[in-house]
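Hi,

Here is the structure I promised to send over. Have a look at it first, and then read on for what turned up in it.

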Amino acid sequence: MMNKCLKIAILAVVPCLIAAQSTQAQNQEILVSDKSVVCLAKNMYYESRNQGIAGQLAVSAVVLNRVNDHRFPDTICEVVEQGPTRASWKDPKIKFPIKHRCQFSWYCDGKSDNPKQTKIYEQFLDLSEAILNNEFPFLDITDGATFYHADYVKPSWAKTKLKTIEIEDHIFYRWE
(Lines give C-alpha, C1' and ligand atoms only; values in the text may rest on other atoms or scores of the structure.)
Protein backbone atom coordinates (compact mmCIF):
# COMPACT_ATOMS: atom_id res chain seq x y z
CA MET A 1 0.00 0.00 0.00
CA MET A 2 2.87 2.39 0.82
CA ASN A 3 4.38 2.10 -2.70
CA LYS A 4 1.03 2.99 -4.22
CA CYS A 5 0.79 6.03 -1.94
CA LEU A 6 4.22 7.31 -2.91
CA LYS A 7 3.15 7.56 -6.54
CA ILE A 8 0.30 9.91 -5.62
CA ALA A 9 0.68 13.67 -5.05
CA ILE A 10 1.65 14.69 -1.50
CA LEU A 11 -1.84 15.83 -0.54
CA ALA A 12 -3.23 12.43 -1.45
CA VAL A 13 -0.42 10.57 0.33
CA VAL A 14 -1.39 11.48 3.87
CA PRO A 15 -4.93 10.01 3.91
CA CYS A 16 -3.62 6.86 2.23
CA LEU A 17 -0.75 6.63 4.71
CA ILE A 18 -3.08 7.09 7.66
CA ALA A 19 -5.30 4.29 6.37
CA ALA A 20 -2.26 2.01 6.02
CA GLN A 21 -1.04 2.82 9.51
CA SER A 22 -4.49 2.26 11.02
CA THR A 23 -4.43 -1.25 9.55
CA GLN A 24 -0.97 -1.80 11.03
CA ALA A 25 -2.20 -0.57 14.40
CA GLN A 26 -4.65 -3.45 14.56
CA ASN A 27 -1.80 -5.94 14.11
CA GLN A 28 0.77 -4.25 16.36
CA GLU A 29 0.61 -1.46 18.88
CA ILE A 30 1.95 1.83 17.54
CA LEU A 31 4.71 3.08 19.77
CA VAL A 32 3.61 6.49 21.00
CA SER A 33 6.03 6.41 23.89
CA ASP A 34 8.29 8.63 21.83
CA LYS A 35 7.49 11.98 23.38
CA SER A 36 8.29 13.82 20.14
CA VAL A 37 5.53 11.96 18.30
CA VAL A 38 3.03 12.91 21.00
CA CYS A 39 4.14 16.56 21.14
CA LEU A 40 3.92 17.00 17.37
CA ALA A 41 0.57 15.19 17.22
CA LYS A 42 -0.92 17.35 19.99
CA ASN A 43 0.31 20.50 18.29
CA MET A 44 -1.27 19.40 15.00
CA TYR A 45 -4.49 18.52 16.83
CA TYR A 46 -4.83 21.81 18.68
CA GLU A 47 -3.44 24.12 16.00
CA SER A 48 -4.82 22.61 12.80
CA ARG A 49 -7.50 19.95 13.31
CA ASN A 50 -10.04 22.23 11.61
CA GLN A 51 -7.77 22.54 8.55
CA GLY A 52 -7.13 20.40 5.52
CA ILE A 53 -4.02 18.33 5.03
CA ALA A 54 -2.06 21.31 3.68
CA GLY A 55 -2.73 23.32 6.84
CA GLN A 56 -1.82 20.39 9.06
CA LEU A 57 1.46 19.80 7.23
CA ALA A 58 2.26 23.52 7.29
CA VAL A 59 1.79 23.73 11.07
CA SER A 60 4.04 20.68 11.44
CA ALA A 61 6.64 22.24 9.15
CA VAL A 62 6.86 25.30 11.41
CA VAL A 63 7.62 23.09 14.42
CA LEU A 64 10.26 21.13 12.50
CA ASN A 65 11.77 24.32 11.05
CA ARG A 66 12.08 25.73 14.57
CA VAL A 67 13.86 22.59 15.77
CA ASN A 68 16.37 23.08 12.95
CA ASP A 69 16.82 26.82 13.66
CA HIS A 70 19.48 27.72 16.24
CA ARG A 71 17.24 30.50 17.63
CA PHE A 72 14.73 27.96 18.95
CA PRO A 73 14.95 24.93 21.24
CA ASP A 74 16.48 21.72 19.87
CA THR A 75 13.62 19.23 20.32
CA ILE A 76 10.03 19.06 19.16
CA CYS A 77 8.64 19.05 22.69
CA GLU A 78 10.81 21.99 23.75
CA VAL A 79 9.60 23.95 20.71
CA VAL A 80 5.93 23.10 21.35
CA GLU A 81 6.20 23.85 25.08
CA GLN A 82 8.34 26.99 24.69
CA GLY A 83 7.37 29.91 26.88
CA PRO A 84 8.00 31.43 30.28
CA THR A 85 7.31 29.28 33.33
CA ARG A 86 6.70 29.76 37.04
CA ALA A 87 7.67 27.50 39.90
CA SER A 88 5.05 25.47 41.73
CA TRP A 89 4.28 26.74 45.21
CA LYS A 90 4.46 23.16 46.46
CA ASP A 91 7.71 22.16 44.79
CA PRO A 92 9.98 24.83 43.24
CA LYS A 93 11.54 22.15 41.00
CA ILE A 94 8.21 21.76 39.17
CA LYS A 95 7.58 24.44 36.54
CA PHE A 96 4.26 25.49 35.05
CA PRO A 97 3.79 27.55 31.87
CA ILE A 98 2.54 31.09 32.40
CA LYS A 99 -1.00 31.33 31.05
CA HIS A 100 -1.34 32.83 27.54
CA ARG A 101 2.43 33.39 27.14
CA CYS A 102 3.49 30.28 25.19
CA GLN A 103 4.55 30.10 21.56
CA PHE A 104 1.59 27.81 20.84
CA SER A 105 -1.45 29.10 22.70
CA TRP A 106 -3.10 25.73 23.39
CA TYR A 107 -0.19 24.66 25.59
CA CYS A 108 -0.74 27.33 28.22
CA ASP A 109 -4.40 28.28 27.87
CA GLY A 110 -5.29 26.73 31.23
CA LYS A 111 -7.37 23.97 29.63
CA SER A 112 -6.68 20.24 29.60
CA ASP A 113 -4.16 19.10 27.00
CA ASN A 114 -5.88 15.73 26.62
CA PRO A 115 -7.58 15.62 23.20
CA LYS A 116 -11.33 15.02 23.39
CA GLN A 117 -11.74 13.83 19.80
CA THR A 118 -9.75 10.62 20.18
CA LYS A 119 -10.22 9.27 16.64
CA ILE A 120 -8.93 12.51 15.13
CA TYR A 121 -6.07 12.62 17.62
CA GLU A 122 -5.11 9.02 16.76
CA GLN A 123 -4.86 10.06 13.10
CA PHE A 124 -2.51 12.86 14.13
CA LEU A 125 -0.43 10.37 16.11
CA ASP A 126 -0.17 8.21 12.97
CA LEU A 127 0.73 11.19 10.82
CA SER A 128 3.25 12.50 13.36
CA GLU A 129 4.90 9.09 13.60
CA ALA A 130 5.07 8.82 9.79
CA ILE A 131 6.63 12.28 9.49
CA LEU A 132 9.22 11.67 12.20
CA ASN A 133 10.12 8.22 10.89
CA ASN A 134 10.50 9.51 7.32
CA GLU A 135 7.84 7.11 6.08
CA PHE A 136 6.81 9.45 3.30
CA PRO A 137 8.53 12.40 1.62
CA PHE A 138 7.68 15.44 3.76
CA LEU A 139 7.60 18.65 1.75
CA ASP A 140 7.87 21.96 3.59
CA ILE A 141 5.14 23.90 1.82
CA THR A 142 5.82 26.94 4.03
CA ASP A 143 9.21 27.69 2.42
CA GLY A 144 11.03 27.58 5.74
CA ALA A 145 8.47 29.38 7.92
CA THR A 146 9.16 29.51 11.64
CA PHE A 147 6.12 31.60 12.57
CA TYR A 148 2.42 31.71 11.81
CA HIS A 149 -0.74 33.27 13.10
CA ALA A 150 -4.45 33.15 12.39
CA ASP A 151 -5.59 35.57 9.68
CA TYR A 152 -7.97 37.35 12.05
CA VAL A 153 -5.15 38.66 14.30
CA LYS A 154 -2.40 41.16 13.54
CA PRO A 155 0.59 40.50 15.80
CA SER A 156 3.20 43.23 15.99
CA TRP A 157 6.01 40.80 15.14
CA ALA A 158 4.52 40.04 11.70
CA LYS A 159 5.83 43.25 10.14
CA THR A 160 9.40 42.21 11.05
CA LYS A 161 9.14 38.87 9.18
CA LEU A 162 8.88 37.77 5.57
CA LYS A 163 5.47 36.34 4.65
CA THR A 164 5.94 33.01 2.85
CA ILE A 165 2.42 31.66 2.29
CA GLU A 166 -1.18 31.80 3.46
CA ILE A 167 -2.94 28.47 3.93
CA GLU A 168 -6.58 28.44 4.95
CA ASP A 169 -6.81 30.73 8.01
CA HIS A 170 -3.08 30.80 8.85
CA ILE A 171 -0.40 33.16 7.55
CA PHE A 172 3.19 31.84 7.62
CA TYR A 173 6.44 33.81 8.02
CA ARG A 174 10.18 33.41 8.36
CA TRP A 175 13.05 35.69 9.20
CA GLU A 176 14.43 37.53 6.16
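Before the surface figure, a word on how it comes about: accessible areas are obtained by the Shrake-Rupley method with a 1.4 Å probe. On that basis the protein exposes about 10,400 Å², and carbon and sulfur atoms supply 51% of it. Please keep in mind that this is a predicted model.

**The overall layout**

The protein has six helices and five strands. Read from the N terminus, its elements come in the order α-α-α-α-α-β-β-α-β-β-β. It has 176 residues, of which 40% count as buried. If you look at contacts between residues at least 6 apart in sequence, 59% of them join residues at least 24 apart.

**Helix α3**

The helix I would like to show you is α3, which covers residues 35–48. It has 14 residues and spans 19 Å from its first C-alpha to its last, close to the 20 Å expected at 1.5 Å a residue. At the N-terminal end, Asp34 acts as a cap for α3, with a side-chain oxygen 3.1 Å from the backbone nitrogen of Ser36.

How many of the residues of α3 are buried? The count is 11 of the 14, so the helix is largely enclosed by the rest of the structure. Among the buried ones are Val37, Val38, Leu40, Met44 and Tyr45, and the polar or charged side chains of Lys42, Asn43 and Glu47 belong to the list too. The cover over these buried residues includes helices α4 (53–67), α5 (76–80) and α6, together with strands β3 (147–150) and β5 (170–174).

**The aromatic residues**

There are 12 aromatic pairs in the structure. One of them joins Tyr45 and Tyr121 edge-to-face, at 6.0 Å centre to centre and with 85 degrees between the planes. This pair links distant parts of the chain: Tyr45 sits in α3 and Tyr121 in α6 (residues 118–132), 76 residues apart. Both Tyr45 and Tyr121 are buried.

Tyr45 also pairs with Phe124, again edge-to-face, with 6.4 Å between the centres and 85 degrees between the planes. Here too distant parts of the chain are linked, since Tyr45 belongs to α3 and Phe124 to α6, 79 residues apart. Why do Tyr45 and Phe124 count as buried? Buried means a relative accessible area under 20%; Tyr45 is at 2%, and Phe124 is at 4%.

These three residues are part of one aromatic cluster, made up of Tyr45, Tyr46, Trp106, Tyr107, Tyr121 and Phe124. Tyr45 has a charged neighbour as well: Arg49 lies over the face of its ring, 4.4 Å from the ring centre. A similar arrangement involves Arg66, which lies over the face of Phe147 at 5.1 Å from the ring centre.

**A polar contact at Asn65**

One last residue to find on your screen is Asn65, in helix α4. With 17% relative accessibility, Asn65 counts as buried. Which side chain does the side chain of Asn65 meet in a polar contact? The partner is Asp140, at 2.9 Å. Leaving aside residues up to four places away in sequence, Asn65 touches Asp140, Thr142, Gly144, Ala145 and Thr146.

Happy to go through any of this with you.

Best wishes

Key. Residues are numbered from 1 along each chain as its sequence is written. This is a predicted model: local features need pLDDT of at least 70, side-chain atom pairs count only at pLDDT 80 or more; totals for chains, interfaces and linings use all residues. Side-chain values use heavy atoms; hydrogens and water are left out. Rings of Phe, Tyr and Trp (its six-membered ring) pair if their centres lie within 6.5 Å; planes under 30 degrees apart count as stacked, over 60 as edge-to-face and the rest as tilted. Helices (H or I, at least four residues) and strands (E, at least two) are DSSP runs, numbered from the N terminus. Buried means under 20% relative accessible area, exposed over 50%, partly exposed in between (1.4 Å probe, protein chains only). A charge sits over a ring if NZ of Lys or CZ of Arg is within 6 Å of the ring centre and within 35 degrees of the ring normal. The expected span of a helix is 1.5 Å times one less than its number of residues. Contact means heavy atoms within 4.5 Å. A polar contact is a pair of N or O atoms within 3.5 Å; within protein, one must be able to donate a hydrogen and the other to accept it, and residues adjacent in sequence count only if both atoms are side-chain atoms.
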